[in-house]
Amino acid sequence: MRLKVLFICVHNSARSQMAEAWLNQICGDFFEAQSAGLEPGKLNPLAVEVMSEAGIDISKKKTQAVFDMFKSGQLFDYVITVCDETSAEKCPIFPGPTKRLHWSFADPSEVTGTWDEKLAQVREIRDEIRKKIEDWCVEVCGDEIMTR
């Protein structure tokens, strides 16, 4: 049976979506990931593009509200917030019995510069999220996860 993981952030538009996609791709045999946000918006086009570059299509994903996830009655083994430290006070909580973790990642909606400069910054965030997911999968499931 796969462990259920919920990634949450403020808008469910980039960081939580990327984390969900990476966990489902890298460790999908062990985990089932979903994501939600406090104030769901629309998907960040920068996140969609950099994930597409990595071979993962998140363009059809819908943003979800944390409150709707709570009302659905779903239980999660892990709830992981992925807000950065500056917006931590706005980062939602998810009530109920679960293991709570916080992973701080920069907010892709705050990057500045030209489109190409923004893409470069969001690629760094994407790669940081992937690395954290890979490390966490090994930590929770052992080395067997990365040999599949």
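Contact here means that heavy atoms lie within 4.5 Å of one another. The structure shown above is a predicted model, and the exercises below work through parts of it.

**Exercise 1. Find which residues Leu43 is in contact with, leaving aside its neighbours within four places in sequence, and decide whether Leu43 is buried or exposed.**

Solution. Begin by placing the residue: Leu43 is found in the loop between strand S2 and helix H2. Next, leave aside the neighbours within four places in sequence, and the contacts of Leu43 are then Asn12, Ser13, Gln17, Val48, Ile58, Ser59, Lys61 and Thr63. Take one residue of that list, Ser59, and compare positions: Leu43 and Ser59 are 16 residues apart along the chain, while their C-alpha atoms are separated by 7.6 Å. Finally, recall that buried means under 20% relative accessible area; Leu43 has a relative accessibility of 15%, and therefore counts as buried.

**Exercise 2. Describe helix H1: what does it span, how many of its residues are buried, and what covers them?**

Solution. Helix H1 takes in residues 15-27, which makes 13 residues, and from its first C-alpha to its last it reaches 17 Å, close to the 18 Å expected at 1.5 Å a residue. Turning to burial, 11 of the 13 residues are buried, so that H1 can be called mostly covered. Among these buried residues are Gln17, Trp22, Leu23, Ile26 and Cys27. The covering of the buried residues includes strand S1 (3-9), strand S2 (31-37), helix H2 (45-53) and helix H4 (115-141).

**Exercise 3. Work out the order of the strands in the sheet, and say where H1 and H4 lie on the strands.**

Solution. The sheet is open and has 4 strands, which follow the order S2-S1-S3-S4 with parallel pairing. Its edge strands are S2 and strand S4 (99-102), each of which pairs on one side only. From one strand to the next, the twist averages 20 degrees. For a closer look at one pair, consider strand S3 (residues 78-81), which pairs with S4 in the parallel sense over 4 bridges; Ile80 stands opposite Leu101 in S4. Now add the helices: H1 lies across S1 and S2 and runs at about 175 degrees to S2. Helix H4 packs on the sheet as well, where it touches S1, S2, S3 and S4, and its direction makes about 130 degrees with that of S2.

**Exercise 4. Determine which cysteines form a disulfide, and why Cys9 and Cys141 are too far from the closest cysteine sulfur for a bond.**

Solution. A search of the whole structure finds 1 disulfide, and this bond joins Cys27 to Cys137, with an S to S distance of 1.7 Å. The pair links distant parts of the chain, since Cys27 sits in helix H1 and Cys137 in helix H4, 110 residues apart. The torsion about the S-S bond of Cys27 and Cys137 is about 125 degrees, so the disulfide is right-handed. Both partners are buried, Cys27 with a relative accessible area of 1% and Cys137 at 0% relative accessibility.

For the remaining step, use the cut-off that a disulfide needs its sulfur atoms within 2.5 Å. The sulfur of Cys9 is 5.7 Å from the closest cysteine sulfur, which belongs to Cys83, and this is too far for a bond. The sulfur of Cys141 has its closest cysteine sulfur in Cys137, at 6.1 Å, which is again too far for a bond. Cys9 is nevertheless buried, with a relative accessible area of 2%, and Cys141 is buried with 16%.

Conventions. Residues are numbered from 1 along each chain as its sequence is written. This is a predicted model: local features need pLDDT of at least 70, side-chain atom pairs count only at pLDDT 80 or more; totals for chains, interfaces and linings use all residues. Side-chain values use heavy atoms; hydrogens and water are left out. Helices (H or I, at least four residues) and strands (E, at least two) are DSSP runs, numbered from the N terminus. The expected span of a helix is 1.5 Å times one less than its number of residues. Buried means under 20% relative accessible area, exposed over 50%, partly exposed in between (1.4 Å probe, protein chains only). Two strands pair if DSSP finds at least two bridges between them. Axes are lines fitted to C-alpha atoms, for helices over the stretch in contact, and angles run from 0 to 180 degrees between N-to-C directions.
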